[in-house]
Amino acid sequence: VPMVAPGNVQVHVLNSTLAKVHWDPVPLKTVRGHLQGYKVYYWKVQSLSRRSRRHVEKKILTFRGNKTFGMLPGLEPYSSYKLNVRVVNGKGEGPASPDKEFRTPEGVPSSPSFLKITDPTLDSLTLEWGSPTHPNGILTAYILKFQPINNTHELGPLVEIRIPANESSLILKNLNYSTRYKFYFNAQTSVGSGSPITEEAVTIMDE
């Protein structure tokens, strides 16, 4: 098997889900056989928004021939990763380079895990929601947009409300009675808004 590990391993994080890794080629005489390529082993150490450590699954990407760089796609935003690089010949892999740690920046969050609308009165509705399964960063706010829908399914004017990120319910007041409303609800990080969850509800007709 090859004798030495690739040196000077460098990681350039391009965005919240993509990084580029560079390395110096090993001297050909240390390959001790036919150079087949390089393997990059990489794994997520932890999510920076949740301190939970789970079973670490190592991923491997193979770059054929005498390449000295490769792309690592499909990373999770706002996470800490480690990687190392090994050279491969027909017999197997050489030793691993020292582990290199890198972090991905924040991304936009996934949609809130649920939106429940309860307790209709003549002029109010109660909203409850769950935080995104993948915050992909530090949540800065929730954005609620809603509009009335009339009997011919035409949409009325859109109202937008910004809600602090630590809230999980809201009583919406001053609504019209016996009116159907459509709600669009999403979470934000400093990078931007995630995809919305939508729901409809009706205020009651009369007491």
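**Exercise 1. In which sense, and over how many bridges, do strand E3 (residues 35-47) and E4 pair?**

Solution. The model is a predicted one, and the assignment of strands is read from it.

Step 1. Strand E3, which covers residues 35-47, runs antiparallel to E4, and six bridges connect the two.

Step 2. The register can be fixed with one residue pair: Tyr 38 has Phe 63 in E4 as its bridge partner.

Step 3. The pair E3 and E4 belongs to an open sheet of four strands, ordered E4-E3-E6-E7 with antiparallel pairing. Its edges are strand E4 (59-64) and strand E7 (100-103), each of which pairs on one side only. On average, neighbouring strands of this sheet are turned by 30 degrees against each other, direction ignored.

**Exercise 2. Determine the order of the strands in the open sheet of three strands, and describe its pairings.**

Solution.

Step 1. Begin with strand E1 (residues 7-15) and strand E2 (residues 18-24), which pair in the antiparallel sense over six bridges. The connection from E1 to E2 is a hairpin through two residues. Asn 15 has Leu 18 in E2 as its bridge partner.

Step 2. Turn to the other pairing of E2: E2 and E5 are antiparallel and share four bridges. Here His 22 is matched with Phe 69 in E5 as its bridge partner.

Step 3. Combining these pairings gives the order E1-E2-E5, an open sheet with antiparallel pairing. E1 and E5 are the edge strands, each pairing on one side only. For this sheet the average turn between neighbouring strands is 20 degrees, direction ignored.

**Exercise 3. Locate the two residues of the salt bridge between Glu 76 and Lys 44 along the chain.**

Solution.

Step 1. The search of the whole structure yields six salt bridges. One of them joins the side chains of Glu 76 and Lys 44, with an N to O distance of 2.5 Å.

Step 2. Glu 76 lies in the loop between strand E5 (69-72) and strand E6 (79-89), while Lys 44 lies in strand E3. The two residues are 32 residues apart, and the pair thus links distant parts of the chain.

**Exercise 4. Characterise the interface between domain 1 and domain 2.**

Solution.

Step 1. Establish the bounds: domain 1 comprises 7-104 and domain 2 comprises 112-202. Their C-alpha centres are 42 Å apart.

Step 2. List the contacts. Four residues of domain 1 touch seven residues of domain 2, where contact requires heavy atoms within 4.5 Å.

Step 3. Consider the area. The size of an interface is often expressed as the accessible area lost when the parts come together. For domain 1 and domain 2 the buried area is about 410 Å², with 52% of it on carbon and sulfur atoms. On the side of domain 1, Arg 50, Pro 77 and Tyr 78 supply 77% of the area buried against domain 2, more than any other three residues.

Step 4. Check for specific interactions. Between domain 1 and domain 2 the count of salt bridges is zero. The count of residue pairs in polar contact, with both residues at pLDDT 80 or more, is likewise zero.

Notes:
Residues are numbered from 1 along each chain as its sequence is written. This is a predicted model: local features need pLDDT of at least 70, side-chain atom pairs count only at pLDDT 80 or more; totals for chains, interfaces and linings use all residues. Side-chain values use heavy atoms; hydrogens and water are left out. Two strands pair if DSSP finds at least two bridges between them. Axes are lines fitted to C-alpha atoms, for helices over the stretch in contact, and angles run from 0 to 180 degrees between N-to-C directions. Domain bounds come from an automatic or database domain assignment. Buried area is the accessible area (1.4 Å probe) that two parts lose on being put together, summed over both. A salt bridge is a side-chain nitrogen of Lys or Arg within 4 Å of a carboxyl oxygen of Asp or Glu. A polar contact is a pair of N or O atoms within 3.5 Å; within protein, one must be able to donate a hydrogen and the other to accept it, and residues adjacent in sequence count only if both atoms are side-chain atoms.
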